[in-house]
Amino acid sequence: MKCMTFLRPAIRGLAVLTIAVLAAACVRPAMAQGYPDKSVRILVGQSAGGPTDALARMIGDKLSPMWGQPVIVINRPGASGSIAMDQVAKSTPDGYTLGMLILNHVVFEQMIKKPPYLIARDLDPVISIARQSNILVLHPSVPATTVPEFIAYLKANPGKISYASGGAGSPAHVSAELFKLQTGVDMVHVPYKGGGAAVPDLLAGIVPIMFAAAPFALPLVRDGKLRALAVTSDSRSAQTPDIPSLAESGIQYDVRDWQGIAGPAGMPAAVIARINADVQTILDSPDVKARISSLGGEVAGGPPSRFADQLRSETQKWKRVVDEANLVNE
């Protein structure tokens, strides 16, 4: 009896502890069940009006009525988009601050010796939204109508021909650097403050080459102001079936710009699942598929694990390019 008397407080303590643990375990699902109960922010590291901004606003406009809460897109450009994503990484992991994660962020992390955050450590991937091929475009003054002719022209003029980009670490920049590595050509990089800023010099033939985003390049190609030589994916794009891929010329090459949604590491799994499922519903709608196609892209989607796999693969690819091309702190 004395033994039982001694054990009663311990048993009561264990019961209280067990109830506390169970209560804590129920908090996260309860949080997810009520999510969202206030406005949600989507941070975009690019200026308003670009493809990434357009996708974020399209998703936000669709989520707002689904959730009954405002979904606010906030533009925080700078440092290859990483000012915005750094803010996401350092925010409370409750699902109310999300960010548009893009190719620039992966490259930026490899180029900076001390990045302010690490994607694999500080962010939770939620869903991949879209992927797009870039287009290798030339000013009409460049005497090449095929990829082999273009390579021959560059090899005959090593270090004399320049290409434009929207800045160090941008898709146009790293696409060109990978092309140089895979073909052995030598071109001079001329970075601009955004792709749009390169247009005047590109159209004037001052900087006659660019691995440009499809929404920007195609109107200029259709107007005859630029020549489309190839798309940067390993196969032809459904949006531009008449433009060959670089891989068709025997080059091992596959570069696609992409966008996805991520949040700060440590978000409740149920909240991630809710956002993923609702965005997937949006991506499956015909009008959204048509809109993404009009931007030169294709719908991605899938579970968070697929986006995580994509991020790992992209990180490995661009680490190699940054290291081999010596792009660190360029």
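## Reading contacts, helices and cores in a predicted model

Mentor: Let us start from one side chain: R274 counts as partly exposed, at 27% relative accessibility, and everything we say about R274 and the rest of the chain comes from a predicted model.

Trainee: With which residue does R274 form a salt bridge, and how far apart are the closest N and O atoms?

Mentor: The partner of R274 is D278, and their closest N and O atoms lie 2.7 Å apart. Unlike R274, which is partly exposed, D278 is buried, its relative accessible area being 12%.

Trainee: How are D278 and R274 placed in helix 10?

Mentor: The general idea is that an α-helix has 3.6 residues a turn, so residues three or four places apart point the same way. In this case D278 and R274 are 4 residues apart in helix 10, which covers residues 269-283, and are therefore separated by about one helical turn.

Trainee: Which other residues of helix 10 are buried, and what span does the helix reach from its first C-alpha to its last?

Mentor: The buried residues include V271, I272, I275 and N276, and further along the helix V279, Q280, I282 and L283 are buried as well as D278. Helix 10 has 15 residues and reaches 21 Å between its first and last C-alpha atoms, close to the 21 Å expected at 1.5 Å a residue.

Trainee: In the salt bridge of E314 with K317, what is the distance from N to O?

Mentor: For E314 and K317 the distance is 3.9 Å from N to O, and since a pair counts as a salt bridge within 4 Å, that value qualifies. These two residues are 3 residues apart in helix 12 (residues 304-324), so about one helical turn separates them. E314 is buried, at 6% relative accessibility, whereas K317 is partly exposed, at 24%. Elsewhere, D234, D254, R256 and E298 are joined into one network by salt bridges that share partners.

Trainee: How many salt bridges does the structure hold, and which residue does R121 pair with?

Mentor: The structure holds 14 salt bridges. R121 pairs with D122, the closest N and O atoms being 2.9 Å apart; R121 is exposed, with a relative accessible area of 53%, while D122 is buried at 16%.

Trainee: Turning to packing, at roughly what angle do the axes of helix 7 and helix 12 cross?

Mentor: In general, two packed helices are described by the angle between their axes and the distance between the axes. Here the axes of helix 7 (residues 171-183) and helix 12 come within 10 Å and cross at roughly 70°, which means that helix 7 is roughly perpendicular to helix 12. The residues that meet are V174, E177, L178, L181 and Q182 from helix 7, and W318, R320, V321 and E324 from helix 12.

Trainee: Which residues touch the most other members of the largest nonpolar core?

Mentor: The background is that, in soluble globular proteins, nonpolar side chains tend to be buried together. The largest nonpolar core has 46 residues, of which L101, F150, F179, M187, I209, L246 and W318 touch the most other members. Helix 12 gives the most to this core, with 5 residues. Another core, of 31 residues, lies apart from it and has V40, A54, I261 and V279 among its members.

Trainee: Which residues does L101 touch, not counting those up to four places away in sequence?

Mentor: With those set aside, L101 touches M85, I119, L123, W258, Q259, G260, A262, F307 and L311.

Trainee: Is L138, in strand 4, buried or exposed, and which residues is it in contact with?

Mentor: L138 lies in strand 4, which covers residues 123-138, and counts as buried at 0% relative accessibility. Leaving aside neighbours within four places in sequence, L138 is in contact with A144, F150, P208, I209, L226, R227 and L229. The C-alpha atoms of L138 and L202 are 8.3 Å apart, although the two residues are 64 residues apart in sequence.

Trainee: Where does S305 lie, and what separates the C-alpha atoms of S305 and P125?

Mentor: S305 lies in helix 12 and is partly exposed, with a relative accessible area of 47%. S305 and P125 are 180 residues apart along the chain, yet 7.8 Å separates their C-alpha atoms. For the protein chain as a whole, residues 24 or more positions apart account for 77% of the contacts with a separation of 6 or more.

Trainee: How many helices and strands does the protein chain have, and what share of its residues is buried?

Mentor: The protein chain has 12 helices and 10 strands, and buried residues make up 49% of its 330 residues.

Conventions
Residues numbered from 1 in each chain as written. Predicted model: local features only at pLDDT ≥ 70, side-chain atom pairs only at ≥ 80, totals over all residues. Heavy atoms only, no water. Salt bridge = Lys/Arg side-chain N within 4 Å of Asp/Glu carboxyl O. Buried < 20%, exposed > 50% of the residue type's maximum accessible area, 1.4 Å probe, protein only. Core = buried A, V, L, I, M, F, W, Y, C linked by side-chain atoms within 4.5 Å. Contact = heavy atoms within 4.5 Å. Expected span 1.5 Å × (residues − 1). Axes fitted to C-alpha atoms, helices over the stretch in contact; angles between N-to-C directions. Parallel < 35°, antiparallel > 145°, perpendicular 65-115°, else oblique.
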